[in-house]
Amino acid sequence: MNKPHLATDGGSPVRTQPFAEWPIFGELEEKLVLEAVRSGNWGGVSPDKIRQFEEKFAALHDARYAISVNNGTIALSIALLAGGVDAGDEVIMPPYTFIATATAALLIGAIPVFADVDESMLLDPERVEAAITSSTKAIIAVHLAGAPANMTKLKEISDRHGLVLIEDAAQAVGARWEERGVGAIGDLGTFSLQSSKNLNCGEGGVILSNNEALADHAWSLHNCGRVGNGKWYQHDIVGWNFRFSEIQAALAVAQLTRLEDQMAIREQRAKQLNDRLSAMEGIRTVAYDSRITRHANHLYLFKLDRGITDQVDKADFIRKLNAEGIPVTDGYVPLNANAAIINRTRELLGVERRYSCPAAERAADKEVLWLYQNVLLGSESDIEDIAAGIEKVIQSYQ
Ligand SMILES: *Cc1c(COP(=O)(O)O)cnc(C)c1O
C-alpha cells in the first residue's frame with residue numbers, strides 16, 4: 001500500500017506517503033510498565049494499576065462499576081452470563097458487526113438472532129421489536145464505528161419486554177449518547193482494548209455497569225467464581241479466569257492520558273472529511289442521530305451513492321482508491337451470511353435459521369466503505385489527499 005506505485009489510470013497516485021502510525025506511545029508507557037514490572041505484582045492479586053485504570057475508565061463513561069478482563073469477546077460472554085442469559089436463549093443483535101458479538105453468545109450456547117441495521121449501520125429498534133420471541137433474553141446494541149446505537153428506544157423496548165440490554169462498545173470508548181457515556185446506559189456494557197481499538201494495551205476488555213448485583217456477578221464470573229470480600233478459596237458460583245494484568249493496566253493507564261486529545265483530533269478530521277465528501281457527487285456521508293453527542297470515530301464510514309452503484313462496482317472502486325494510496329477498505333460481511341455462525345447455530349438448534357437483513361447486505365455489498373481511526377489522527381492535508389483521491393476515482397467513472 002505505502003510503496004510508490006502507479007494509479008490505475010497509469011499516472012501518479014494522489015498519495016505516496018503513509019498515514020499516521022498506530023499505536024502512539026512514549027516515555028509514559030515505558031515508565032508505567034517498568035513500575036508494574038518492578039512491583040513484582042504482575043497478575044494484580046492486589047491490584048494497583050488495574051484499580052487505577054478501572055476507576056478512570058468508569059468515570060470516563062459515567063459508570064459506577066468497571067471490571068477489566070482479558071479481552072472484549074470474553075467481556076461480552078461474561079456480560080451475557082451475568083445478565084442471566086443461558087444456553088438456548090436468544091440474543092438479538094445487528095448483523096453488521098465484528099464476528100465476536102455473535103461468537104460471544106455462541107460460546108455460552110446462546111443463539112444469535114439478527115435484526116437489521118438502519119442507514120447509519122446501527123441496530124434498528126423497529127427490527128429488534130419484530131425479532132422478539134418467547135425465547136429472547138437479551139439485546140446487544142453495537143456502537144459500530146464509535147457511534148452509539150439508539151439507546152433511548154432500545155432501553156424502552158428492553159424494559160417493556162423484560163430483556164437484558166447489553167452495549168457492545170468495543171469501538172466506542174469515550175462515546176456519548178444524549179450527553180451520557182456509553183457502556184452503563186444499558187444493564188451492562190463491554191469494551192475491547194485490543195491493538196486496533198482507540199484505547200489499546202495489546203489485549204484487554206472492560207465490563208461496565210451501574211447495577212451493583214450485575215457488576216458483582218460479572219466480577220465473580222471473571223475471577224474463578226470468587227466472592228468480592230470472600231476467602232481466596234471460596235467459590236460460590238462457577239466462574240473462570242478471565243483476568244486482566246498489571247502490565248496491561250500500566251499500558252492502558254498511560255494510553256488513557258492520550259485519549260481526549262486523540263478524540264478531539266479525530267473529531268476535527270472526521271468533520272473535515274464529512275464537509276468535503278458531502279459536497280461530492282456520487283458519495284454519501286453517514287447521517288447520524290443528533291442524540292449522538294460524542295462519536296468515538298473508531299471507523300470513518302462513507303457510502304457510494306445508491307444512484308451510482310449500478311455503474312460503480314464497490315470492489316473496483318476500492319481497488320482504484322487503494323492504487324491512489326488511499327487505504328479505504330471493504331468492511332464486514334454481514335453475520336447472517338457467515339458460514340461459521342450459521343453452522344454453529346444449526347448445531348445448537350438442530351435446525352437451520354436464515355435471516356434476511358437487506359439493509360446490511362445491500363450496504364455491505366454495494367455501498368459502505370471504511371477508513372480506520374489512525375487515518376483520522378493525521379494532518380488536515382492527509383484528509384485533503386483522501387478527499388482528492390476519492391474525487392479522482394469517482395470522476396474516472398464519468
Ligand atoms: C473488537 C471487537 C470485539 C472483540 O474484542 P476483542 O478484544 O478483540 O476480543 C467485539 N465487538 C466488536 C464490535 C469489536 O469491534
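## The second largest pocket

In this predicted model, the second largest pocket has a volume of about 380 Å³. Its lining is made up of 24 residues, and those closest to the centre are Phe98, Ala170, Ser192, Gln194 and Lys197. Sorted by class, the lining of this pocket comprises ten nonpolar, eleven polar and three charged residues.

Several elements contribute to this pocket. At least two lining residues come from each of helix H3 (72-82), helix H4 (100-107), strand S8 (188-192) and strand S13 (368-372). The lining also draws on both domain 1 (27-255) and domain 2 (259-395), with at least three residues from each.

## The largest pocket

The largest pocket encloses about 910 Å³ of space. Three elements give two or more residues to its lining: helix H2 (49-60), strand S1 (65-69) and helix H7 (212-222). Of these elements, H7 gives the most, with seven residues.

In total, 33 residues line the largest pocket, and Arg51, Glu54, Trp219, His222 and Asn223 lie nearest its centre. By class, the lining has 13 nonpolar, ten polar and ten charged residues.

## The cavity

The structure holds one cavity of 30 Å³ or more. The volume of the largest cavity is about 60 Å³. Its lining consists of Pro112, Phe114, Leu335, Asn336, Ile341, Ile342, Thr345, Arg353 and Tyr355. The elements that supply two or more of these residues are strand S3 (111-114) and helix H10 (339-349).

Helix H10 gives the most to the lining of the largest cavity, with three residues. By class, six of the lining residues are nonpolar, two are polar and one is charged.

## Helix H11 and its two sides

Helix H11 spans residues 358-367, and its buried residues are Ala360, Ala363, Ala364 and Glu367. Viewed down the axis of H11, these buried residues fall within an arc of 125°, so they line one face of the helix. The face turned away from the buried side carries the exposed residues Pro358 and Asp365.

The buried residues of H11 pack against strand S10 (283-285), strand S12, helix H9 (314-323) and strand S13. Strand S13 thus appears in two settings: it is among the packing partners of H11, and it supplies at least two residues to the lining of the second largest pocket.

## Phenylalanine 302 in strand S12

Strand S12, one of the elements against which the buried residues of H11 pack, covers residues 299-304 and includes phenylalanine 302. Phenylalanine 302 counts as buried because its relative accessibility is 0%.

Leaving aside neighbours within four places in sequence, phenylalanine 302 is in contact with Leu277, Ile283, Arg284, Val286, Val328, Glu367, Val368, Leu369, Leu371 and Ile390. One of these contacts, Glu367, is also listed among the buried residues of H11. As for valine 91, this residue is 211 residues away from phenylalanine 302 along the chain, and the C-alpha atoms of the two are separated by 29 Å.

Notes. Residues numbered from 1 in each chain as written. Predicted model: local features only at pLDDT ≥ 70, side-chain atom pairs only at ≥ 80, totals over all residues. Heavy atoms only, no water. 1 Å grid on protein atoms, 1.4 Å probe; cavity = no way out; pocket = protein on both sides within 12 Å on 5 of 7 lines; lining within 4 Å. Points joined across faces, edges and corners; volume = space filled by probe spheres on them. Helix = DSSP H or I, 4+ residues; strand = E, 2+ residues; numbered from the N terminus. Nonpolar A, V, L, I, M, F, W, Y, C, P; charged D, E, K, R; others polar. Buried < 20%, exposed > 50% of the residue type's maximum accessible area, 1.4 Å probe, protein only. Contact = heavy atoms within 4.5 Å. Domains from an automatic or database assignment. Arc of directions from axis to C-beta.
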